[in-house]
Each structure stands twice: as structure tokens, then as C-alpha cells.
Amino acid sequence: MAGNTNRTRFAFFKDRIVPIEEAQVSVMTHAFNYGTGVFGGLRAYWNASEEQLFIFRPHDHFQRFIQSAHLMRIEVRYTPDELVQILCDLLRAEGFRENTYIRPLAYKSTEVIGVRLNDLDDDVTMFSLPFGSYVPNEEGSHVCFSAWRRVEDNAIPARGKIVGAYANSSLIKTDALLSGYDEAIVLNENGHVSEMSAANIFIVRNGKVITPPVNSNVLEGIVRRSLMQMFHEQMGIEVVERDIDRSEVYIADEVFMCGTGVQVAAITQVEHRDIGTGKIGPITQRIRNLFFDVVSGRVPQYRDWLTPVYVMEPARV
Ligand code: PMP
């Protein structure tokens, strides 16, 4: 993974931007013991010709972050606008001039033993780091079906980005990697395709682009939503949201995954079967190129998805 935490100098912690060494929690912290935190994952893209760092859809990310917190009875004492402002201040303090990943967390911060969500204090923190690709081969990944099932909404809310639920993602990803695959597709308890360990999935069959619906235990991805809009507006394709069977994936013309980390990555082999030609397909290639143009600010129609970091005001450290 191309994240470099050594280059992180600051964090937002207990209402202030502080040196990263000062952003520490105790081993007794509730969230550390019970997974009672929620998080977000955002990217900011460096545009060299404009000398600008663009954060991709930060308001939408922070809105989902607050909704995840709401599911876990965690109070976030900031509005999405305030969180965007905090993030811009943090990135200006870091001064990154390259692609960057951002991790906000809201968590039960009381140092106490006892499983519950009530009568505990809540805190918000945020840090960022330079970040490249998350999967090694974005133009041709080889994936498997996980033997694990995706966490069920009635066990841990699937549409929340809940810290404890990523034990499920970690099991899925690790078994895939140690078996020689790049990633894994995970089924839900109904036996239908849900998503990847930390990304949404699309298949293409006979010119139709299909993705599992929001009630199939997926995380409601912001890249998923963005691609659906771009398919409609730029390619005249209406994405169909419906259950996908396992066997449909093997015989699909194209398969790709998407998310803030993986960006848009082609899946060209599933369990030693080629998908289509075994090379990235035309629809995947087109939406992938469009995605990178959009996130780096090269498509005027989607500039309002981007928040520029470097404006003519000093960082408030
Ligand atoms: N599913 C899971 C389980 C994830 O962790 C992620 C990454 N946040 C996604 C899907 C993709 O969501 P997004 O496009 O908002 O990054």
C-alpha cells in the first residue's frame, strides 16, 4: 500500500490541530476495546498545472460520516461545513503537493470497561497522508469469492462505516491476499454479491451496467454514486441496481470495483477465469479515465464536487 504515515506531521485532535505525536489515546479508550468508532476515507488529488489540491466530495463524505456516527450514538459536534474547514486547515498545515488520503474518526473516548453506547464521551480526530494506489494492479486485478459473508445490517449496520465492522473486511482481504488474489468479492447471507472488502462492485453484461442495490448490505459508496451519475450524464447509460448472482460474475463481459481507496479498478480474472477478454474492457476503461479527469479537476461540469485546499489565507494552526 502506498500510504506513508512517516510524512504525517499533524492531526486534528481534541478541537485543535496538533503535532501528530500529541494525538494519542489510552489503551483504556472504549473505542479501542469495543470497536465503538466510525470513520471516513477521503482523497485529495494534486493538480500540477493549477498547483492545487482538490478534495473529492468532502461535504458528502462528512454527511455520511455524521450518519455513521448517528447509527452508533456518537455525537459529532461539527457540521459538515465545519469539518471541511478543519480538513482544509489540516491539509494546509501539512502542505502536501501530491495525492493524499484523509482519515476522519469519531469515537467513544471514555476510558471505561462496559459494553454500551450510552453515557460515554465522544471525540473527533482527523489525519492525512500521501497516498498512491491501494490495489497493486488497477487495470487488471485477479479476485476470488470470499468464504466470509459480508456483515449483515441487522448485526452491525452495513451502511455505516463502523470501526468494529472492519474486522469483517480484514478477514476477507487477508484470506484473499494470502491465497494469492488481489482482492475478494463478498456475498451477503442471501448468497448474492454484496461488494469487495472495502469497495463497491459493478458488472457489465450485454451493454448493461449492473450493481447491487443499497439494501444488499453494501456501504453506500460515494464513488459508486458518482459513477452512476457520470454513466447517466456522460455515457447515456442507466446503471441497473439489482441482485447479482455469483455465476453472473464469472460470465460478465466486464467487472470493476470502485471506492475512495481503490478508485476505479478493473477486475479481469475471477478465480482463474478470464472476465471477457481477460483485459480491461471498454466501458471500464472509459469510466476509469473519466473518473481520473473528474477528480483532478479537468472536467468543468464536475468542478463543484471538488474543494480546493490552497486559497490565499494562512493556515490556522
Ligand atoms: N465498501 C466498503 C466496505 C468500504 O470500506 C468502502 C470505502 N469507503 C466502499 C465500499 C467505497 O465507498 P466510497 O466510494 O465512499 O469510498
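**Close-up views of a predicted two-domain chain**

**View 1. Asp15 in the loop between strand 1 and strand 2****.** With a relative accessibility of 48%, Asp15 counts as partly exposed; the classes, taken for protein chains only with a 1.4 Å probe, are buried under 20% relative accessible area, exposed over 50% and partly exposed in between. The structure is a predicted model, in which local features need pLDDT of at least 70 and side-chain atom pairs count only at pLDDT 80 or more, whereas totals for chains, interfaces and linings use all residues. Residues are numbered from 1 along each chain as its sequence is written, and side-chain values use heavy atoms, with hydrogens and water left out. Although Asp15 is not a glycine, its phi is positive, at about 75 degrees. Lys14 also has a positive phi, near 50 degrees, and is likewise a residue other than glycine. Most residues other than glycine have a negative phi. Lys14 lies in the loop between strand 1 and strand 2 (16-19); helices (H or I, at least four residues) and strands (E, at least two) are DSSP runs numbered from the N terminus.

**View 2. The contact between domain 1 and domain 2****.** Domain 1 covers residues 5-130 and domain 2 residues 141-299, with bounds from an automatic or database domain assignment. Taken over C-alpha atoms, the centres of domain 1 and domain 2 are separated by 25 Å. To the contact, domain 1 and domain 2 contribute 22 residues each, contact meaning heavy atoms within 4.5 Å. About 1900 Å² is buried between domain 1 and domain 2, and carbon and sulfur atoms give 63% of this area; buried area is the accessible area (1.4 Å probe) lost by two parts on being put together, summed over both.

**View 3. Polar and charged pairs between domain 1 and domain 2****.** Domain 1 and domain 2 are joined by 1 salt bridge, defined as a side-chain nitrogen of Lys or Arg within 4 Å of a carboxyl oxygen of Asp or Glu. Asp60 and Arg225 form a salt bridge in which the closest N and O atoms are 3.8 Å apart. Between the two domains, 11 residue pairs are in polar contact, both residues at pLDDT 80 or more. A polar contact is a pair of N or O atoms within 3.5 Å; within protein, one must be able to donate a hydrogen and the other to accept it, and residues adjacent in sequence count only if both atoms are side-chain atoms.

**View 4. The side of domain 1 that touches domain 2****.** Two or more residues of this side come from each of strand 3 (37-39), strand 4 (42-47), strand 5 (52-56), helix 2 (58-71) and strand 6 (100-108). Helix 2 gives the most, with 5 residues. By type, the residues of this side divide into 10 nonpolar, 7 polar and 5 charged; Ala, Val, Leu, Ile, Met, Phe, Trp, Tyr, Cys and Pro count as nonpolar, Asp, Glu, Lys and Arg as charged, and the others, Gly among them, as polar.

**View 5. The surroundings of His142 in strand 8 (residues 141-149)****.** His142 is buried, its relative accessible area being 13%. The side chains of His142 and Gln269 are joined by a polar contact of 3.4 Å. A polar atom of the His142 side chain lies 2.9 Å from the backbone nitrogen of His272. Neighbours within four places in sequence left aside, His142 is in contact with Tyr181, Asp182, Glu183, Gln269, Val270, Glu271 and His272.

**View 6. The salt bridge of Glu98 with Arg7****.** In the whole structure, a search finds 21 salt bridges. In the pair of Glu98 and Arg7, the closest N and O atoms are 2.4 Å apart. Glu98 belongs to the loop between helix 3 (80-94) and strand 6, and Arg7 to the segment before strand 1 (10-13), so the pair ties together parts that are 91 residues apart in sequence. Glu98 is partly exposed at 27% relative accessible area, and Arg7 is partly exposed at 36%.

**View 7. The salt bridge of Lys108 with Asp122****.** The closest N and O atoms of Lys108 and Asp122 are 2.8 Å apart. This pair links distant parts of the chain, with Lys108 in strand 6 and Asp122 in strand 7 (residues 122-130), 14 residues apart. Lys108 is buried at 1% relative accessibility, and Asp122 is buried at 11%.

**View 8. The salt bridge of Arg242 with Glu248, and a salt-bridge network****.** The side chains of Arg242 and Glu248 meet at 2.8 Å, N to O. Arg242 is partly exposed, with 30% relative accessible area, whereas Glu248 is buried, with 9%. Lys14, Arg77 and Asp123 are joined into one network by salt bridges that share partners.
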